[in-house]
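Please open the structure in your viewer and keep the selection panel at hand. The stops below can be followed in order.

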Amino acid sequence: AGRTRAKFNLMQVDYYPEWEVFSPDGLVEVDDFGGRIGLVEWAAAKGDEPPLNGLHLDGQIVLACDRYRLATSPLIIPGLAEPITVPSGILGSILKQTGEIRMGVDAWGHLLIMPDDTTQIMTVTFGVEYPKVQRIMSRDNPACVKVQKAPVLEIMNRAKSFAGNDRFPLMRVFLGKQSVSVIMNTSEVGTLADVMDTPGYCDHEYFEMKFTPGNI
């Protein structure tokens, strides 16, 4: 490049694993695999903490949990012999644009994926048992509430913006008396309160929950 010259040393490839094409025989079709993973992997633990930094698949649902947050989504995998956990953050970005894929598990516990006829993906699975967290997400709750997502996000985001530069903001959420209320207090600005009516739901006394705005 003109007067500039550079010399680069090559990396040693002796230990680089060579790819071996796997047979598509025995793979099963799974619909919206990447989309379902994308819905839950935000709740997986960050860093090196297996199996909580992974996505758990049991053939019926996919779930992720970092001890503070738990997210689940239906994901039917026909014929999955036993539950598996795969590292998070490596499949969602690759597969989020795909619809139906073929997948399976080999004899060594690797997850095998074919999003199309010419592409193959293989990833390890964790050999550590995943905590039994499914019961936490029980839907047998008589005091549930159904609301439109957009208005709820609007008042949540308004409270989050109100927090400003507060390092430890606390969002208080109240359910009860046929309403959902959000209150944000900050030492610098003041107090913001938003109320959304929920006719026919939450017909009980107020129940308070506290969140950090980023999580909720």
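This tour goes through a predicted model, from sheet to surface to salt bridges.

**The four-stranded sheet**

Begin by selecting β4, β3, β2 and β5. These 4 strands form an open sheet in the order β4-β3-β2-β5, with antiparallel pairing. Its edge strands are β4 (70-74) and β5 (84-87), each of which pairs on one side only. On average, neighbouring strands of this sheet are turned by 25° against each other, direction ignored.

Now narrow the selection to β2 (residues 54-57) and β5. The two strands pair in the antiparallel sense over 4 bridges. Which residue of β5 is the bridge partner of His 56? Thr 85 is that partner.

Add helix α1 (residues 33-40) to the view. The helix lies across β2, β3 (61-65) and β4, and runs at about 160° to β4.

**Salt bridges around the loops**

Stay in this region and select Arg 67 and Glu 49. Their side chains meet in a salt bridge, at 2.2 Å from N to O. The pair links distant parts of the chain, 18 residues apart: Arg 67 is in the loop between β3 and β4, while Glu 49 is in the loop between α1 and β2. Is Arg 67 buried or exposed? Arg 67 counts as exposed, because its relative accessibility is 60%. Glu 49 has a relative accessible area of 28% and is therefore partly exposed.

Next select Asp 66 and Arg 69. They form a salt bridge too, with the closest N and O atoms 3.1 Å apart. Asp 66 counts as buried because its relative accessibility is 14%, under the 20% cut-off. Arg 69, at 21%, counts as partly exposed.

**Strand β8**

Move to strand β8 (residues 119-123), where Met 122 is placed. With Trp 19 and Val 21, Met 122 forms a nonpolar patch on the surface, and together the three have about 330 Å² of accessible area. Met 122 itself is partly exposed, with a relative accessible area of 36%.

Thr 123 is also in β8. Why does Thr 123 count as buried? The reason is its relative accessibility of 7%, since buried means under 20%. To see what is around Thr 123, show its contacts, leaving aside neighbours within four places in sequence. They are Val 86, Pro 87, Ile 90, Leu 91, His 110 and Leu 111.

**The hairpin**

Select β10 (residues 179-186) and β11 (residues 190-197). The two strands run antiparallel and are joined by 8 bridges. A hairpin through 3 residues leads from β10 to β11. To pick out one pairing, label Met 184, whose bridge partner in β11 is Leu 192.

**Helix α3 and a salt-bridge network**

For the last stop, select Glu 154 and Arg 158. Both lie in helix α3 (residues 149-162), 4 residues apart, which is about one turn of the helix. Their side chains meet in a salt bridge, at 3.3 Å from N to O. Glu 154 counts as partly exposed at 48% relative accessibility, and Arg 158 counts as partly exposed at 35%.

Then add Asp 194 to the selection. Glu 154, Arg 158 and Asp 194 are linked in a network of salt bridges. Over the model, the count comes to 9 salt bridges; those visited here include Arg 67 with Glu 49, Asp 66 with Arg 69 and Glu 154 with Arg 158.

Key. Residues numbered from 1 in each chain as written. Predicted model: local features only at pLDDT ≥ 70, side-chain atom pairs only at ≥ 80, totals over all residues. Heavy atoms only, no water. Pairing = 2+ DSSP bridges. Axes fitted to C-alpha atoms, helices over the stretch in contact; angles between N-to-C directions. Contact = heavy atoms within 4.5 Å. Patch = residues over 30% accessible without salt bridge, like charges linked within 9 Å, V, L, I, M, F, W, Y side chains within 5 Å. Areas by Shrake-Rupley, 256 points an atom, 1.4 Å probe, with all protein chains shown as cover. Salt bridge = Lys/Arg side-chain N within 4 Å of Asp/Glu carboxyl O. Buried < 20%, exposed > 50% of the residue type's maximum accessible area, 1.4 Å probe, protein only.
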